[in-house]
Amino acid sequence: MKGFKRKDALFSLCGLNCGLCSMHLGGHCGGCGFGNQSCALARCSLEHGPIEYCFQCDKYPCERYESIDEYDSFITHQKRKADLRKAQQIGIENYGAEQEKKVKALEYLLEQYNDGRKKTLFCLAVNLLELSELEEIIAQADLETLEMPIKEKAAFVSSRLQRCAAEKGVELKLKKRKGGA
């Protein structure tokens with residue numbers, strides 16, 4: 001969108017963790033404010049500031065956030081409000097540092113444990129699980145899968161991620177709108 005620029009390529013205006021998105025990882029999207037995508041929230045940001053994150057607006061949370069976490073796109077939208085709240089509480093620098101670690105964890109999972117079919121699962125898991133949980137699963141996998149072929153390694157990590165998510169009541173699946181909308 002013309003005139004909409006940001007400093008943070010990993011965390012969007014509205015709370016998406018762009019650095020953990022399969023489209024961003026594949027080089028198909030530069031992230032919020034780094035591409036040509038049209039966005040109603042970007043227009044809103046320009047009208048109210050410009051502001052870097054929605055939580056900086058004096059009208060936040062507005063009606064746009066009532067059902068913002070209900071459906072996903074290429075990246076999960078399930079924790080946008082919670083992630084914005086966390087960034088606001090711990091500070092954007094601390095949140096950004098955590099996201100950098102999550103990006104590195106995701107890159108490691110993709111390099112070491114992806115059998116060609118786990119990219120979406122890994123992106124979801126890294127978005128929705130806590131960093132400490134991810135680090136624990138990766139450490140366990142590094143110890144227990146050394147001699148395994150990649151398909152078995154991928155299955156091992158996938159099962160651990162799924163188990164951790166299930167224990168937290170999290171489903172590692174994108175939530176699509178019904179009816180193609």
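Here are some questions and answers about how features of this predicted model get their labels.

This is a predicted model, where local features need pLDDT of at least 70, side-chain atom pairs count only at pLDDT 80 or more, and totals for chains, interfaces and linings use all residues. Residues are numbered from 1 along each chain as its sequence is written, and side-chain values use heavy atoms, with hydrogens and water left out.

Q: Why is Tyr65 called buried or exposed?
A: Buried means under 20% relative accessible area, exposed means over 50%, and partly exposed is in between (1.4 Å probe, protein chains only). Tyr65 has 3% relative accessibility, so it counts as buried.

Q: And what makes Glu100 partly exposed?
A: Its relative accessibility is 40%, so Glu100 counts as partly exposed. Glu100 sits in helix α4; helices are DSSP runs of H or I with at least four residues, numbered from the N terminus.

Q: Why is helix α5 described as largely enclosed by the rest of the structure?
A: Eight of the 10 residues of α5 (residues 119-128) are buried, so the label fits. Among them are Leu121, Phe122 and Cys123. The buried residues of α5 pack against α1 (22-25), α4 (92-113), α6 (131-144) and α7 (150-167).

Q: Which residues touch the most other members of the largest nonpolar core?
A: A nonpolar core is a set of buried Ala, Val, Leu, Ile, Met, Phe, Trp, Tyr and Cys residues joined through side-chain atoms within 4.5 Å. Of the 26 residues in the largest one, Leu106, Leu109, Phe122, Leu129, Val157, Leu161 and Leu172 touch the most other members. The largest share of this core, seven residues, comes from α5.

Q: What makes Tyr60 and Tyr65 an edge-to-face pair?
A: Rings of Phe, Tyr and Trp (its six-membered ring) pair if their centres lie within 6.5 Å; planes under 30 degrees apart count as stacked, over 60 as edge-to-face and the rest as tilted. For Tyr60 and Tyr65 the centres are 5.0 Å apart and the planes are at 85°, so the pair is edge-to-face. Tyr60 also takes part in a cis peptide bond to Pro61, with omega near -5°.

Q: How do you know that the charged end of Lys153 sits over the ring of Tyr113?
A: The rule asks for NZ of Lys or CZ of Arg within 6 Å of the ring centre and within 35 degrees of the ring normal. The charged end of Lys153 is 5.3 Å from the centre of the Tyr113 ring and sits over it. Arg160 likewise lies over the face of Phe156, at 3.8 Å from the ring centre.

Notes. Helices (H or I, at least four residues) and strands (E, at least two) are DSSP runs, numbered from the N terminus. Contact means heavy atoms within 4.5 Å.
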